[in-house]
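Got the viewer open and a cartoon on screen? Let's take a walk through this one, stop by stop.

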Amino acid sequence: MSIPIPQPPSIPFIGNVTALDKDVPLNSFALLAKTYGEIYQLNILGTTIISVNSYALANELSDEKRFQKQVAAGLLQVRNLLGDGLFTAFNDEPDYLVAHRLLMPAFGPMAIKGMIEEMRDICDQLVLKWERFGPHATLDPADDFTRLTFDTISYCSMSYRMNSFYSDKPVPFVVAMGDFLAESDLRASRPRILQAVLGKNAKYHEDIKLMKDLAEQVVAERQANPIDKKDMLNTMLHQKDPQSGRKMSAENIARNLITFLIAGHETSSGMLTFAVYHLLRNPSALRKVRAEIDSVLGNRPAQVDDLSNLPYLTAVMRETLRLTPTASKRGVTPLQDTTLGGGKYFVKAGTTMLVHVWNMHRDPLVWGEDVEEFRPERHVDGKFEKLPPNAWQPFGFGVRACIGRAFAWQEVILVLATVLQKFDLTPADPSYTLQLKQTLTIKPKGFYIHARRRTDNQHLFYATPSSALKLSGASTSGPTPTTGTDGTPLYVFYGSNTGTSEAFAQRIAIEGPSNGAPLLFWFLENLSEHDLGFRSSIGTLDSALGKIPTDGPVIIITASFEGQPADNAAQFVEWVTHLEGTPLHGVHFAVFGCGNSDWTNSFQAIPKLCDELFEKYGAKRLLERGVGDASKGDFFQVFDEFELKLWDMLRKQYSTIRANSRASVLEVKSLDAAHERASILRQPDAQLGRVVENRTLTRSGPVKRHIEFELPQGMTARAGDYIAILPQNPARDVHRVLAHFGLSNEEEVVLSSVGPTSLPVGKPVKLWDVLAGYVELAQPATTRDLGILVGAATADSTRTHLEELKSSYNEAVQVKRLTVLHLLEAHQDIQLPLGAYLQMLPAMRVRQYSISSSPLWNPAHITVTVSVLESPTRHGDAVEVFLGVGSNYLANLRPGDRVQMAVRPSAVAFHPPSNPRNPIVMFCAGAGIAPMRGFIQERAVQKASGRDVGKMLLFFGCRSPVQDFLYHDTDLAEWIKLGVVDVRPAFSRSTEDSAGCKYVQDRILKDSSDVVEAYRQNAAFFTCGSGAVAKGIKASIIEIIQDADGVDAETASKKFDHILKGRYATDIFD
């Protein structure tokens, strides 16, 4: 007996229209699939549409004896332009059958091979554009690939040159097409009466006319100037259908010309753009495909026979279409009443059904648990051929599958091989997270790149002089230089996600002009301060890919994230890992690593790797690697000591001396000390989110808050991801700075700098804005800062006190969070200009918070669960409350406030299993419940929608059931009642309420049998909390293993690492 197909709650008359995002409905379809599972139905204005998401059901719908293509929904609206063209025709339309029989041979293998030179002609235009724009230009690959594929299909199919690359304006046909397709999709879910009311008809018909006019122009030009060539246009104009003896009608020719121009370029350009995106996000795959291209092609152009000898590039293309199929769904309908899933679901004949290829390609039963990872290896060594039937369907299926598949495949493989052979590609924004733009097809939105012509010899990277790196402005394609033109070049490269490594790198770059004035010029008269010292350049590690300079020292500041490089260092690390010989001979380098020793197995992994490989490949180490440990109190002091050693070494190595005073690389010019503050209006941009709710969760003790945000338009998140917030300093601290320097909060200034800086320079800016949003006021003074203050002090007692602070830095400064401002306030004799003060401060960093919600709850909103840091600190006789910058900024937000934010993906493993039936065990304390709440919420929505979900076990630590048991009387109570989660609390100040357990690790030991049973049920394990909490949890699990297996601690620890590999993910914060 069949069961009802699940459906979201509907609204009278319009049904489920509001369940679909109007801009990117694909996101809604994906979330609905995650909520309801393999099948669900929607009511769109009274029409039932059934969506199929699993491979098993999609395979059934691929039986052409039972199902056939249906032109419905948005595709039905596209018939307003394309009518009975190949893509939009009904199955039995006579003109379609004629065109199909005539054009199939035109898209055959031999015909496509004969188009290789026409394809190369257009590809060369793309290459020429990128070469002429140069390595610092920000390129829009979606736009350029659209021009390329549009010109290619028109030139190959109708010998007509569109010349899109000869104009910087958008191609009119492509603009009209995009607007037409988007509007067609919207019309499918909009009552007809609203078309005229909304004023959409005029523009819609203008777009149709523009595209028809172009098709008629192409036909007219061919008829006026016939050519003797066997292209598709001549086939349509002159050939007769061998079966019926008919020629194609003039109207059908025009419709198919437009079909070629639309379908022949739109999906291919999307595929190319997605392929570049995936390769830049996965440096290992990029390296492998580049090596294959270099091996097969060398320096010569690709020939048609080469294209079948690039198996890894073919795998890249297949994986691109698996993970991001540009045609994300196809429509079918049953020929008669039928059932699916072995009689489980009944479907009436004629019902509109959508095969969601996007979701089917993510079925873990076919592709494994790592379905969201880009892994071309799925398709090599015969694995692709062994896939179940119909598991990979990016080109549609059966008799109505894409007729131009071979054309698109040859075009894309030629373009990718050529581009990767000739260019080093880097993302303009290394932290870019994929966003989608959707018409009837999809493409990346807001994705930009840099393209630098490869100049390496025999495709190996060698160290080169710096001339190729010098830029006139900031860019990820190379380091940003200072404005000075003399002195020894100094190159500082960083790998940073959270901003710490970048801030350290910038400090070294800023100090360059003050360190190392060449002895040869030191005694010359009239020496400009711009000529003193090193000439600093700063850039990401990825900007140094293949271009490590040899004409000056190279300083690397980088971090590890769970053993992996930062986003803006991933390509560099992949490259340097696979060098051979001594290609870095002549490079002089030093490395400072940032890390956290709580991550024992991966601590300093990337800094250590860079340090060792540079030496291995011929570079000379200038200084022993610096090791910064964020888990310890001397983190910044260690960097200060490294920096002092660095400058001492550089002055000796390059025969220079330190200037008597620090170079004034930052000047402040006051423009207007106004008495009234100007009203500054800020327009929301794509990265501005909005506060919806901000409430306190705790009744007493340390405050924890629940904050809900509306995401910026187009931004999406998964359960387990982070939200990065750009905060502002507390107003209290900004007022203190202004008061110390005797300035008004209305002060307007212009900042100028001869060194790299993260401050707004060269334009009027409110000093309040600079102090509030650009620098870290609460950063403890470093030993370097203390040295600067000693030089600026005029009283002996002050200098003595500052030297004492340096000698007992950790206890006297770090622990007490003593800032530069505290010292200036306490010692009024320190004569420090405002510019010098700003120069000492680190740049404002983003703060990352775990998202505590699931997109299945609301795809447009997220929540965070935040501990508000307010800690009393004694400074002399006074007690001051230290205010955590990020948490207090969030705590003081009100509904309606706009906040700069960006979603940052978490580690691949730190997401709920793709199969909701898999059990989950979660360990956390305090605000560490944040991602776990998102996981539980996701399962709760799935269960409420009728899906079977696995058991969830939550071990949660806090103080007491009354004081800070977060969400216990709201969400957790509801989810416990629903049977989604079993909560095991540990109350440190009320152990009688938690089975005698004080901490999470105690509760784990008490309930060890449940933990072991969950492991046997293939559960995924997650920990979120401080380093101390994570260590305690690990110790308890190891103790369980000891008891169960009767082994010692060391053996149990090794077994812990082995048995939980791939099943235990952590998110540690301090």
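One thing to set before we start: a contact here means heavy atoms within 4.5 Å. Keep in mind, too, that you're looking at a predicted model.

**Stop one: a tryptophan and its core.** Select W130 and show what surrounds it. Leaving aside residues up to four places away in sequence, W130 touches L139, D144, F145, V419, F423, L425, I449 and A451. Now widen the selection: W130, F173 and L425 are the residues with the most contacts inside the largest nonpolar core, which has 133 residues. Which helix gives this core its largest share? Colour α12 (residues 250–281), which supplies 15 residues. Apart from this core lies another one, of 65 residues; W647, M649, A793 and L823 are among them. Nonpolar side chains tend to be buried together in soluble globular proteins.

**Stop two: a helix to put a ruler on.** Go to α10, residues 201–224, and take the distance between its end C-alpha atoms. You should get 34 Å, which agrees with the 34 Å that 24 residues should span at 1.5 Å a residue. Next, show the buried side of the story: Y204, D207, I208, M211, L214, A215, V218, V219 and R222 are the buried residues of α10. An α-helix has 3.6 residues a turn, so residues three or four places apart point the same way. What do the buried residues of α10 pack against? Turn on α3 (73–82), α7 (141–158), α8 (172–187), α11 (232–238) and α12 to see their partners.

**Stop three: an annotated cysteine.** Select C402, which an unreviewed UniProt entry lists under "binding site". You'll find C402 in the loop between α16 (364–367) and α17 (405–422). Is C402 buried, partly exposed or exposed? With a relative accessible area of 38%, C402 counts as partly exposed, because that value falls between the cut-offs of 20% and 50%.

**Stop four: the open sheet.** Jump along the chain and pick out five strands, in the order β34-β33-β32-β35-β36, paired in parallel. β34 (981–987) and β36 (1064–1068) are at the edges with a single partner strand each, so one side of each has no neighbour in the sheet. From one strand to the next, the twist averages 10 degrees. Zoom in on β35 (residues 1020–1025) and β36: five bridges join these parallel strands. One to click on is G1025, whose bridge partner in β36 is I1068. Finally, add helix α31 (residues 929–944), which packs on the sheet and touches β32 (920–925), β33 (952–958), β34 and β35. The direction of α31 makes about 150 degrees with that of β32.

Terms used. Residues numbered from 1 in each chain as written. Predicted model: local features only at pLDDT ≥ 70, side-chain atom pairs only at ≥ 80, totals over all residues. Heavy atoms only, no water. UniProt positions renumbered as here; feature names shortened; annotations may be inferred. Helix = DSSP H or I, 4+ residues; strand = E, 2+ residues; numbered from the N terminus. Buried < 20%, exposed > 50% of the residue type's maximum accessible area, 1.4 Å probe, protein only. Pairing = 2+ DSSP bridges. Axes fitted to C-alpha atoms, helices over the stretch in contact; angles between N-to-C directions. Core = buried A, V, L, I, M, F, W, Y, C linked by side-chain atoms within 4.5 Å. Expected span 1.5 Å × (residues − 1).
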